[in-house]
Amino acid sequence: MNAIATGTDPILEIDGLRTEFRLRGGTITAVNDLDLTIRPGETVALVGESGSGKSVTSLSVMRLLARKVGAIAAGSVRFRGKDGTVRDLVTLDEESMRQVRGNDIAMVFQEPMTSLNPVYTIGDQISEPMRVHQGTPKGEAWDAAVALLEKVGIPDPRRRAGQYPHELSGGMRQRATIAMALACDPMLLIADEPTTALDVTIQAQILELMQALQRDTGMGMLFVTHNLGVVAEIAHRVAVMYAGRLIEDGPVREVFRNPRHPYTVGLLKSMPKLGDATRMKKAGETLNAIPGMVPSLRNLPSGCSFAPRCSYAIDACRAAVPPLAAVSENHHSRCIRWQEVRP
Amino acid sequence: MIETLLAVRDLAKHYPSQGTTLRILENISFDVAKGEVVGLVGESGSGKTTIGRAVLRLIEPTSGTVTFDGTELTTLSAGEMRRQRPRMQYIFQDPFASLSPRMTIGEILTEGLKIQKIGTAKEREERARKALEHVDLPADAYNRYAHEFSGGQRQRVGIARALALAPEFIVADEPVSALDVSIQAQVVNLLRELQQRLGLTMLFISHDLAVVEFICDRVIVLYLGRIMEIASSEDLYASPQHPYTRALLSAIPMPDPDAKADRQILKGDVPSPANPPSGCVFRTRCPVALEACAGAVPALREVAPGHFKACIRDDLG
């Protein structure tokens, strides 16, 4: 893992994305001026806490925002489809967008029952996208569904295809939603916390499966998670979000070894490391907690949103939102003092 | 001289379900010494929360005994149990579900004292305000409502509510799991600091093994309602003895891209408690199971001083 993916044309280029929600009491900007690129065979992890905008980003790409409240206010999402043409998903009409969803871009959610319908069999649900998007005849689509279930490691796939979601365990259900996502051989898979609801031994199975599938298919992957261990394991590049903005991005190894935003440094240092906690305890050390709390999107501090919690903050941080500075060619930090930030 | 505060013996919990019996807990025995923090770890269905609740008799165990400071709790009447309750408190996982939206923080913190008829109104307020101080919440929180606070602050209220009764023993059930990563460390530090300052005895339930290592003196590893291994946290993490503990530790993704992914991935799922495997309940997923493992339930044996495992294989190194 973590080898640099081959340099080919991007499948997804998000440029200046801004997503707003109109709520009682005003408009909030859930995603602000976001740039993000994904290439074939590459996994980009989008990391952040509640309200960071990581899930809204993935819903914006899929154009699945609740229509009356959420909307893309600015920016473009250029997507290269299977036929090689590049289109801006932000301006695409709903009919064409429906062809993109499930066919070119597929999605896996945290809770498998979000995407599984309890009253249809697993086989029906996996074969549906093939019938709808590709016009595959029913019998053929069913056989393909059984083959997909086998591919995602479900034992006895022919029997399982005839079962309903409630007859499967949580891990098996998540395998089934992955099979469903892969049905049309998508260019891009968006996985929103796909292992968060699973036990750790099952999470290990699913992560291994997703890596193997990506190696086979060469699809790009946008992996939304809050778990830095999962990021280190599965992603080539990582983008860290805080209060709606990208605050650091770069290759996983570089960001983990040489983080240059104080928030990334804080996240990496805040949790105990397995096997090291005994030493910390004996030495009487406490965890390096980040003080304060995540600000409300309704009431963001001026300038850098992280400044009120940041030990590096100076007056200039509160004056204006810092630009993304280039730490190296493909590593960026939204901190004006990035050169002084130490891991 | 180690003084035992809590002694659990042969605890079992069964639930009837669709004509069968769900064996949620089976043959659970352990001690917790005064001032000790013992971790209960395991995955969904391992029984860790059920143990925490049965120990405080928030649910009734099917059989077995729970002795707290010399008093057998499982046979106490409701009134006698109520008299014990201030000494033992519970911190819940979800700080959104466990605080009433209709009560001020002050009302939440004094409710337990009122039920226990402890002190005058003024004394109760004093104790509640003291508890707020303990958890580093501002004094003006007293007259505000839970919805005005973030998840981390609500969990501090949950901790303050437990502390208001000045308990000796606390069951903390996944107290940081629902919190954002940057907030978890604050609450973990707070719990450890309070535990040390107040000399609390704690049963700490968590699926996060790194947090457990940091906060617990000893750890009990559970699988499908049975104890697999008990050891000091130092021994458990340095030399896990049970194949399940080893697999569990190796499954945790490390926040280090250069960490050797020398991973042992368990096959399959946890079996149903309606029909647990014979013999060792882990044998169906165990990479080193033998035929003999299906025969009898392996006894929890001491394999090194203070280190117990329920596995018949001693040849694994």
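In this predicted model, the side chains of B:R23 and B:E26 meet in a salt bridge, with 3.2 Å from N to O. B:R23 is partly exposed, with a relative accessible area of 32%, whereas B:E26, at 18% relative accessibility, counts as buried, because buried means under 20%. This pair belongs to a structure that holds 35 salt bridges over all chains, and the points below take up some of these charged pairs, then the nonpolar cores, and then two pairs of packed helices.

**Salt bridges**

- Salt bridges that share partners join four residues, A:R253, A:R257, B:D256 and B:D258, into one network.
- In chain A, the side chains of A:E94 and A:R63 meet in a salt bridge with a distance of 3.8 Å, taken from N to O. A:E94 lies in helix α2 (residues 94-100) of chain A, while A:R63 lies in the loop between α1 (54-61) and β4 (70-80) of chain A, so the pair ties together parts that are 31 residues apart in sequence.
- Both partners of that bridge count as partly exposed, since A:E94 has a relative accessible area of 29% and A:R63 has a relative accessibility of 21%.
- In chain B, a salt bridge joins the side chains of B:E3 and B:K34, at 3.2 Å from N to O. B:E3 belongs to the segment before β1 (4-17) of chain B and B:K34 to the loop between β2 (20-33) and β3 (37-41) of chain B, so this pair, too, ties together parts that are 31 residues apart in sequence.
- B:E3 is partly exposed, with a relative accessible area of 43%, and B:K34 is likewise partly exposed, with a value of 42%.

**Nonpolar cores**

- The largest nonpolar core has 173 residues, and the members that touch the most other members are A:L89, A:I105, A:I126, A:I178, A:M210, B:I159 and B:F204.
- One of these, A:L89, touches A:V61, A:R63, A:V77, A:F79, A:M97, A:V100 and A:I105, when residues up to four places away in sequence are not counted. Among these contacts is A:R63, the residue whose side chain also meets that of A:E94 in a salt bridge.
- Apart from the largest core lies another core, which has 30 residues, including B:V8, B:L25, B:L56 and B:I230.

**Packed helices**

- Two packed helices are described by the angle between their axes and the distance between the axes.
- In chain A, helix α7 (residues 170-182) and helix α8 (residues 200-217) pack at an angle of about 15°, with their axes 10 Å apart. Angles under 35 degrees count as roughly parallel, and therefore α7(A) is roughly parallel to α8(A).
- The crossing in which α7(A) passes α8(A) is right-handed. Where the two helices meet, α7(A) contributes A:G171, A:Q174, A:R175, A:I178 and A:L182, and α8(A) contributes A:I202, A:Q205, A:I206, A:L209, A:M210 and A:L213.
- A:I178 and A:M210, which take part in this helix contact, are also among the residues that touch the most other members of the largest nonpolar core.
- In chain B, helix α3 (residues 105-115) packs with helix α5 (residues 151-164) at an angle of about 30°, and their axes are 8 Å apart. These two helices, α3(B) and α5(B), are therefore roughly parallel to each other, and their crossing is right-handed.
- The residues that meet between them are B:I105, B:I108, B:L109 and B:L113 in α3(B), and B:V157, B:A160, B:R161 and B:A164 in α5(B).

How values were computed
Residues numbered from 1 in each chain as written. Chains lettered and ligands numbered in written order. Predicted model: local features only at pLDDT ≥ 70, side-chain atom pairs only at ≥ 80, totals over all residues. Heavy atoms only, no water. Core = buried A, V, L, I, M, F, W, Y, C linked by side-chain atoms within 4.5 Å. Buried < 20%, exposed > 50% of the residue type's maximum accessible area, 1.4 Å probe, protein only. Contact = heavy atoms within 4.5 Å. Helix = DSSP H or I, 4+ residues; strand = E, 2+ residues; numbered from the N terminus. Axes fitted to C-alpha atoms, helices over the stretch in contact; angles between N-to-C directions. Parallel < 35°, antiparallel > 145°, perpendicular 65-115°, else oblique. Left-handed = near helix turned anticlockwise from the far one by under 90°.
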